[in-house]
Structure formats: C-alpha cells, structure tokens
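Here is a walk through a model with several chains, taken one chain at a time and then at the places where they meet. Keep the structure open beside the text as you read.

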Amino acid sequence: MLQMLTRRRLLKAARQTLRLLVIVATTFLGLLLITFLIGRVVPIDPVLAVVGDKASPEVYEKARIAMGLHLPLWKQFFIYIGNVLQGDLGTSVLTAKPVTEDILRVFPATIELAVTATIIGVLVGIPLGVFSAVKRDSFLDHVTRVIGLLGYSLPIFWLALMALMVFYAQLDWLPGPGRVDVFYEDIVEPVTGIMIIDCIIAREWEIMRNAIWHVILPALLLGYYSMAYLSRMTRSFMIEQLRQEYILTARVKGVAEWKVIWVHALGNCLIPLITVIALSFGGLLEGSVLTETVFAWPGLGLYLTTSLLNADMNAVLGSTIVVGSIFLGVNMFSDFLYKVADPRAR
Amino acid sequence: MTNRQNLTGARAWLLTDTPDSAFQAASGRFYLGLLEFFRNRLAVVGLLIIITLVLTATFAPQIAPYDPIATDLASRLQPLSADHWFGTDEMGRDIFSRIVWGSRLTLYVILLVAIIAAPVGILVGTVSGYFGGVIDTVLMRITDIFLAFPKLILALAFVAALGPGIENAIIAISITSWPPYARIARAETLTIRNSDFIRAIRLQGAGPIRIITKHIMPLCLSSLIVRVTLDMAGIILTAAGLGFLGLGAQPPSPEWGAMTSAGRSYILDQWWLITMPGTAIFVVSLAFNLLGDGLREVLDPKSDS
Amino acid sequence: MKNRSGINEILLTVNNLQVSFPSPKGVVDAVKNVSFSMGREKIGIVGESGSGKSVTGRAVLRLLPPYARVRADDIIYRGRDLQSLTEKEMRQVRGQGISMVMQDPKYSLNPVRTVGKQIREAYTIHHQVPKQEARAQALQMLEAVRIRNPEQVYHLYPHEVSGGMGQRIMIAMMLIPQPGLLIADEPTSALDVTVQLQVLAILDDLVSQRGMGLIFISHDLELVASFCDRIIIMYGGRIMEMVDADKLHESTHPYTRGLLNCLPKIDGDREPLPTLERDDAWLDDPVNRAGAL
C-alpha cells in the first residue's frame with residue numbers, strides 16, 4: 001500500500017479533500033442561511049417577544065439595537081454566522097439558558113436512541129435482506145417484504161402509542177415513558193448524558209437496570225424502522241450482485257456457497273450500504289422527534305417540539321442547525337468511507 | 001360476434017408490430033404497460049384504496065352520517081356501535097364522519113405538495129443538468145443544502161416560523177420535498193443531454209427552453225412519477241406527524257394526525273380514538289407504497305423491488 | 001485425479017443432455033439431445049446466440065440457476081458420474097477437475113478485491129497452504145500467462161487492468177488448481193483483435209503443456225476452425241454436426257454450409273453475401289455424428 005503514495009496521489013488526495021471541505025463549508029453556510037431566514041420571516045416580532053408588549057418605545061428601541069435588528073440583513077447574517085461558529089445559538093426564551101447549553105444537555109439522549117436503533121437495524125436488517133434475496137419468494141422473503149412495507153407505511157407516533165398501550169398498559173412487561181422511573185430521576189450525575197453509562201460511573205446498578213428497561217421500547221421502535229429500510233435496500237443490492245458474473249466465477253472456482261453469499265456478494269453490497277446507513281440515520285433523527293414526544297424521552301426531539309409549541313425561535317432554530325449539522329456530518333463521513341472502501345472510486 | 005371482432009380490432013391496432021403513427025405506438029406501449037400493471041394484484045389494491053380515498057373525499061357530505069365538528073358531550077367516548085361505526089371521541093363527535101371528512105384534508109395536502117414540489121424539482125433538475133457549469137454547481141449546492149436537513153425537522157422549523165395551520169404545513173412540506181426530484185431530473189437530463197437526437201434538434205435551431213420543456217422533461221416523467229407516488233406515502237406520514245404535534249390543521253378540523261394526538265389521554269380504555277385515525281393514515285400510506293411499487297415495476301424494469 | 005494417463009484417455013462423456021427452462025410460453029428446451037465425448041484435445045462448440053452452447057458448458061459444471069431442469073443419461077468426467085455427486089463433492093470438481101473462463105473480465109472478476117487475492121483464493125480452496133505459499137503460486141501463475149511484472153499486477157484491482165490482461169488473469173485464476181478440463185466460454189469475444197491472438201496463444205500453450213482438454217465455445221467459426229481439433233456445431237439447442245476441424249470446409253450439412261457461405265473471403269467474388277437460412281426441420285433431423293470418439 002505504501003508504494004501507492006506517490007507524490008501525484010498525495011496531491012490528488014489533497015485536492016479532493018479541499019474540494020470536500022469547500023462543499024461541507026458551503027452546505028453548512030447554506031444551512032445557516034436557511035435557519036437565519038426562517039428566523040427573520042417569523043411574523044412574531046422578536047423584540048416584542050423579549051420586552052413584552054407593554055414596553056415603552058425607548059425600551060423597545062434599546063432592545064432592538066441591542067439585538068442588532070437595526071443593521072442591514074446581510075450584516076446580521078454575518079454576526080449570526082460568527083455567533084454560531086463560536087457556539088452561541090442564542091438564549092432560550094423558555095429556559096432562559098443559552099440554547100447551546102440546553103442542547104448539550106438533551107442531545108445525548110437522542111444519540112443514545114439513534115445509535116441503538118441503527119445497531120438494531122444493521123444487525124437484524126442486513127442479514128434479513130440477505131436471506132430474503134437468496135431465498136426469493138420464500139416465506140421468509142415475503143415476511144421480510146411485508147415488514148419492510150409496514151415500516152414505510154406505519155406512522156411512527158401511532159406505532160409508538162400502540163406499543164405503549166400493549167406492552168406497558170395492558171401487559172405491564174415494560175415500563176412507561178421517561179428515561180427512568182419518576183422516583184429515580186435526577187439522582188444520577190449526568191457525566192456523559194447517556195443514562196446507562198452514567199449509571200455505571202455512579203455505580204447505581206438498580207437505576208441502570210431501570211434505565212435499560214426504559215430504553216428498550218423506544219429503541220426497538222426506531223430500530224424497527226431502521227431495520228425495515230435496511231433490509232429492503234440490502235435485498236435490492238444483493239439481488240443485483242447475485243446476478244453478476246463474478247459470482248459465477250466464484251462458484252466455478254469451487255467457493256463454498258455461504259462464502260459466495262456472505263463474503264463475495266455482501267462484500268460488494270457493503271459499499272452502497274454505507275450510504276444507506278447514513279441516510280437511515282437521518283431518518284432516525286426525524287423519527288426520534290415523534291418517538292421522544294410519545295415516550296417523554298428528554299432528547300433533542302422533545303426539546304425541539306416543546307420549543308416549537310412555545311414559540312421559542314432561538315431554541316427551534318438552534319436545534320435545527322444542530323440536527324442539520326449532524327446529518328451533514330454523517331453524510332460527509334459516509335461519502336468519505338465510500339471513497340475509501342470502493343477501489344473504483346479512488 | 002361483432003363485439004368480439006371489435007375487440008380484436010382494437011387490440012390488433014394497439015399490439016401491431018408496425019404502427020403507423022407515433023400516437024399508435026405510444027398507445028400500444030401504454031396498453032401493454034397497463035396490462036402488466038394490472039397483473040400486479042397488490043398494486044391494484046393500492047390503486048383501489050386511493051380511488052376510494054378520492055371518492056370519499058369528493059362525496060364526504062353524502063357519506064358521513066354526522067357533522068364532523070358538532071360536539072355532543074352527552075355521547076362522548078362511545079365505543080363502536082351500529083350508530084357510530086368507529087365510536088365517538090372525547091367531544092362526542094362521530095369518529096367515522098371525522099375520518100371521512102379528514103380524507104379531504106389528506107387529499108388536499110397530497111395534491112398541493114405534488115403540484116408545488118414536483119414542477120419545482122423538475123425545473124431545477126433539468127436546467128441544472130442541461131446547462132451544467134456554474135448554474136449546475138449553484139443549483140446543486142442549493143439542492144444539497146435542503147437535502148442536508150431531515151425532512152420533518154426542516155418542516156418543523158418552517159412551521160415554527162410561519163405558525164401552525166394546514167397551508168403553512170403544506171408549504172413547509174413542499175419546501176422539503178422538491179430536492180429529490182431535482183436530483184432525479186438532473187440525473188436523467190445528464191444521461192440524455194449528449195444524445196444524438198438532442199443534437200439533431202439543436203441543429204434544427206431549437207432553443208434551450210424548447211429542448212428542455214418539450215424533449216427532456218417528458219423523458220424524466222416516468223422515473224419521477226414513480227418517485228412522487230412513493231414519496232406520497234412519506235408525505236402523508238410527515239403531514240400526520242405535524243398534525244400529531246399540533247402543527248397542522250387546527251382543531252376542530254378532523255385532521256387524522258391531530259385526532260390521534262387528541263386520543264392519547266384515552267389510550268387505555270377508549271382505544272378507538274387512536275386506532276381509527278391511525279389506521280386511516282396507515283392504509284392510505286400503504287396504498288401509495290403499493291401503487292408506487294407497481295408503477296416502478298412497469299415503468300422502470302431495471303430495478304428490482 | 002491428477003495423474004496423467006495416456007493420450008487416448010477420455011476426459012468427458014456427455015450423453016443425451018437436456019436442459020429446459022420454464023418460460024411464460026411454456027417449457028423451453030435450451031439444450032436437447034446433446035452427446036459428445038472428448039479426450040485431451042481441443043473441441044470447439046460453435047453456434048449463434050441462443051444455440052445452447054453456453055448452457056451446455058454450465059450444465060456440465062452444474063452451475064445453472066435452480067429453476068433450470070438438467071437431465072442427462074451420462075455426464076462422466078474421468079470416470080466419475082458428475083450427476084451423482086453431492087454439492088460438496090461437486091465443489092471439489094469445480095476448479096480442480098473442470099474449470100471455466102468467461103467472456104469479459106470487466107464483469108467476471110470481483111471488483112472490490114485485488115487480482116492477486118482472487119487468484120490466491122482459487123488455489124487455497126483446493127490446497128490448504130499458508131498465505132505466503134499461495135501467493136508464490138499465484139505469482140508463478142501470473143508469469144505463466146506472460147504477465148511481465150507479476151508483483152505489481154498482484155496488487156491491482158480489476159478495473160485497473162486492460163481487457164487482455166484481465167483475461168489472462170482469469171486464465172491464471174482458472175488454471176492454478178490444475179484442472180484436467182477447461183471450458184472457455186467466448187474467452188476472446190470481448191477483446192480487440194490483436195489482443196485476441198495473444199490470449200489464444202497463451203491458452204493454447206498452457207493447455208498443451210498441461211495435457212488438458214479444452215472446450216472452446218464461440219460464435220466465431222473461423223476462429224474455432226483454426227484453433228481446435230474438432231468442432232461441434234449447435235443450433236436451437238441441438239447438435240447439427242460434429243466434424244474434424246480440417247474437414248470443416250467439406251461439410252455437407254446445410255446449416256454448416258450456410259455458416260461457411262456467409263463468411264467473407266478475401267478471394268471471393270463481389271456478389272452480396274448470402275443470408276443464413278434456418279430450417280426448423282433441422283431441429284428434428286438425426287445428428288451427423290462424424291468424428292465421434
């Protein structure tokens with residue numbers, strides 16, 4: 001491999017990285033522009049939101065200048081960019097704390113769900129897709145396709161409610177909303193923000209068990225959607241690969257059938273699957289908004305909807321920027337992985 | 001005897017190997033596509049459900065037995081019965097009637113989003129793909145920026161700014177829906193752009209507008225129709241999600257997502273408040289998925305569903 | 001299975017092979033009543049698209065899709081009845097007994113693995129040896145197909161090599177387990193004319209050196225005639241004729257004559273070439289089995 005690092009290739013890699021950085025930067029700026037414009041389009045007067053409608057004209061004007069709203073729009077935008085890059089997303093009207101602080105507090109809970117769901121989706125969805133593609137039109141194939149179809153058609157908030165009703169209300173197998181039972185709240189020190197890890201750090205084993213029980217249902221729910229999507233895409237990719245001539249070559253060589261499927265064919269599927277997994281992560285961020293609402297899960301999604309219902313524009317826009325940035329980052333990373341993994345793309 | 005001859009005549013005309021006109025050839029292809037489509041039972045089911053939706057929405061006043069908005073607190077939270085097929089909600093309103101009327105809202109959302117997002121997407125995509133260069137780079141950057149947001153999140157942000165309401169929800173969803181269409185249209189345009197027939201038309205003196213609108217756009221249609229239909233399922237879910245959060249059509253509008261949300265408190269004993277509207281959303285979304293899959297098999301034979 | 005018997009040893013016997021596929025129009029016979037025997041010689045199977053020539057090759061290796069119905073009185077390789085083997089036993093025959101080279105290395109090589117790794121795999125399936133030894137074998141094989149810098153090529157990916165080199169890699173990969181019989185399915189059809197001759201020469205050399213049998217499937221009658229010892233001409237899934245290559249031009253079978261007459265000759269007259277006429281009656285006629293062993 002080292003012999004490949006000729007000067008020419010290094011320059012090429014540098015150029016590609018630069019191009020990638022430019023793309024990331026411009027997309028991020030565009031992201032900020034959109035949220036900025038949304039913020040300025042609000043029919044509610046932001047100054048009034050701060051000073052109240054009983055304020056005198058002098059106070060109003062002072063506040064207006066303090067908020068920088070007297071400046072031309074493009075100047076405001078530059079200030080906005082500067083603020084964001086410094087980590088200042090404004091102050092939440094609801095909590096009276098900096099939005100950034102709020103988001104850092106709630107963000108890990110969402111990541112906990114999204115990551116767990118992705119893992120479920122990958123570990124269950126991809127093998128299901130493989131089996132489905134190999135044994136086409138078998139019972140397993142039909143079941144997988146139905147599961148996939150349901151995943152595209154069932155409203156997640158409804159399924160969440162149904163799941164709560166069945167497993168919590170009727171069967172009492174799983175605990176109800178929230179990350180832990182009510183009387184366990186606020187006991188464990190939030191170090192990482194991920195409840196289970198924090199419990200381990202604090203050696204609160206009973207609370208940890210409680211937390212694990214609580215995370216099962218929302219994680220499974222989101223995981224189902226991830227699994228439906230990944231199994232469908234895997235099936236599609238696998239069918240395409242199994243049609244290819246190099247699969248015949250492998251069989252002619254005498255390669256064992258399991259290896260033909262799981263190493264040769266799936267190996268070629270993994271590359272486009274990287275992109276698919278990244279996209280599914282974005283879908284999970286979306287699904288998380290509704291899931292957190294149903295399960296009272298204190299994550300970014302719940303924060304976003306609460307802020308929204310309270311017209312807390314700074315919080316809403318701040319959350320939007322964060323979610324958009326995460327999604328952008330995940331996509332960029334997957335593009336990068338794609339280039340590394342696919343020899344044809346180098 | 002005469003009828004059978006006519007049928008053979010029409011079919012013979014459609015299926016001939018030597019059509020006399022472009023119209024005949026196109027009709028023949030359409031007929032064959034139709035036959036293939038109807039062979040897919042699931043797709044037909046999807047189509048029937050959607051037709052039912054349209055009919056329900058059109059004839060809502062005739063179909064719904066009760067006024068969807070009128071409250072009747074005396075008969076609140078009634079279970080399913082002969083009087084109230086889907087029971088009553090917390091305000092005593094007949095759920096079946098509300099769902100029937102709610103189909104109008106669903107249809108309204110779908111149609112408007114499709115009418116707004118698809119043309120914008122096709123336009124951006126074809127222009128971007130045809131002209132290339134700076135125009136392409138700029139338009140694709142813009143498209144990518146919109147794609148960088150998960151759809152629901154951006155829709156939420158827009159609704160936050162514009163305020164709740166069904167029109168704002170439609171605008172918000174449309175704004176997040178057009179980018180994939182732009183990408184598809186651009187991909188198709190790039191494939192076609194350098195083909196000989198485009199060169200021929202250009203030699204005949206056709207300007208870019210004519211080329212794009214009359215020649216390139218029609219060729220993008222088939223993949224776009226498939227994509228739009230499949231997207232409809234997601235759009236219904238997004239709209240319902242917004243309704244669930246209280247950001248869509250405002251009460252007392254019988255919007256299915258909002259109905260589901262209102263039923264949350266009664267989940268234990270009066271399960272029909274949530275189940276009925278939720279099932280409605282599910283069924284319609286499923287129908288579009290089935291229809292879209294069926295269309296894809298007919299229009300895009302390369303892909304494997 | 002590897003000791004070489006006399007030159008007259010029969011490697012492969014196929015008797016009454018029939019392959020059918022289900023189709024919307026009913027069951028279609030892709031191959032019907034195909035029988036032949038071969039030893040350490042080069043046999044060409046020639047035919048148009050759809051004549052069943054490729055299907056025949058794959059049927060011998062039992063690599064047709066599961067919905068294909070394969071029946072034969074005999075498919076015997078070196079005394080072993082291939083039809084009676086389990087899948088596991090058949091996998092041992094593949095590569096080590098019978099191997100196959102396919103048409104286009106762009107598609108027949110795994111795009112995400114290095115060329116060297118793929119050749120190595122062909123070896124380690126049949127020989128449990130450490131990685132280093134397999135690598136050495138692979139490099140040796142690359143040299144045998146006249147690749148000048150095997151060390152460098154070893155690390156390349158299929159998309160980084162030319163068509164001719166890719167096909168040579170394919171040959172290396174298929175010959176490394178030392179099969180007794182090689183099926184070459186249109187091995188040069190995807191190559192430029194100049195490269196075709198090079199690859200054929202390499203194939204010829206290796207097959208002769210190793211005392212292998214070769215089944216050369218092609219649509220190119222002239223090419224097969226110049227390269228092979230005997231020719232089987234197929235049409236519509238049936239064998240029309242079997243002739244020695246040097247007696248090809250004396251053939252009297254109407255289909256063969258038709259094929260020959262369609263070929264442009266440099267010293268021919270200036271009249272338009274005749275169009276090949278096909279007679280469905282040929283599908284029922286008894287086969288001319290001149291030249292069968």
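Let's start with chain C, which has 10 helices and 11 strands (both are DSSP runs numbered from the N terminus, helices being H or I over at least four residues and strands E over at least two). Its radius of gyration is 20 Å, close to the 19 Å that the globule rule gives for 293 residues, so chain C is as compact as a globular protein of that length. That radius is taken over C-alpha atoms, and the rule is 2.2 Å times the number of residues to the power 0.38.

A word on the ground rules: this is a predicted model, where local features need pLDDT of at least 70, side-chain atom pairs count only at pLDDT 80 or more, and totals for chains, interfaces and linings use all residues. Residues are numbered from 1 along each chain as its sequence is written, while chains are lettered from A and ligands numbered from 1 in the order in which they are written.

Back to chain C: its C-alpha trace spans about 60 × 50 × 45 Å along the principal axes. Of its 293 residues, 41% count as buried, meaning that 20 or more other C-beta atoms lie within 10 Å of the residue's own (12 or fewer makes it exposed, anything in between partly exposed, with C-beta atoms placed from the backbone). If you take the contacts in chain C with a separation of 6 or more, 69% are between residues 24 or more positions apart; a contact here is two residues whose C-beta atoms, placed from the backbone, lie within 7 Å.

How is chain C divided into domains? The assignment gives domain 1 (1–97 + 181–293) and domain 2 (107–176), with bounds that come from an automatic or database domain assignment. The C-alpha centres of these two domains of chain C lie 27 Å apart. Where they touch, domain 1 of chain C puts in 12 residues and domain 2 of chain C puts in 13. On the domain 1 side, helix 2 (87–96) and helix 8 (193–209) of chain C each supply at least two residues, and helix 8 of chain C gives the most, with six. That side of domain 1 has nine nonpolar, three polar and no charged residues. For these classes, Ala, Val, Leu, Ile, Met, Phe, Trp, Tyr, Cys and Pro count as nonpolar, Asp, Glu, Lys and Arg as charged, and the others, Gly among them, as polar.

Now zoom in on strand 5 (residues 74–77) of chain C, whose side chains alternate: C:Ile75 and C:Tyr77 point to one face and are buried, while C:Asp74 and C:Ile76 point to the other and are not. Strand 5 of chain C pairs with strand 1 (residues 12–23) of chain C in the antiparallel sense, over four bridges (pairing takes at least two bridges found by DSSP). Opposite C:Asp74 in strand 5 of chain C you'll find C:Asn15. Strand 5 of chain C is also joined to strand 6 (residues 80–81) of chain C by two bridges, again antiparallel, and C:Ile76 has C:Asp81 in strand 6 of chain C as its bridge partner. Strands 5 and 6 of chain C form a hairpin with two residues between them, and C:Arg78 in the turn has a positive phi of about 50 degrees.

Chain A has 13 helices and zero strands. Its C-alpha trace spans about 85 × 65 × 40 Å along the principal axes, and buried residues make up 42% of its 346 residues.

Which parts of chain A meet chain C? Helix 10 (245–253) and helix 11 (257–295) of chain A each supply at least two residues. In total, 17 residues of chain A are in contact with 22 residues of chain C. Helix 10 of chain A provides the largest share of the chain A side, seven residues. By class, that side has six nonpolar, six polar and five charged residues.

On to chain B, which averages a pLDDT of 86, with 96% of the residues scoring at least 70; pLDDT is the predictor's confidence in each residue, from 0 to 100. Over residues 1–6 of chain B the pLDDT is below 50, and this stretch has zero contacts in the model beyond near neighbours in sequence.

Of the two pairs of chains in contact, chains A and B share the most contacts. Here 37 residues of chain B are in contact with 43 residues of chain A. Helix 7 of chain B gives the most to the chain B side, with nine residues, and that side divides into 25 nonpolar, seven polar and five charged residues. Chain B and chain C do not touch, and their nearest C-alpha atoms are 13 Å apart.
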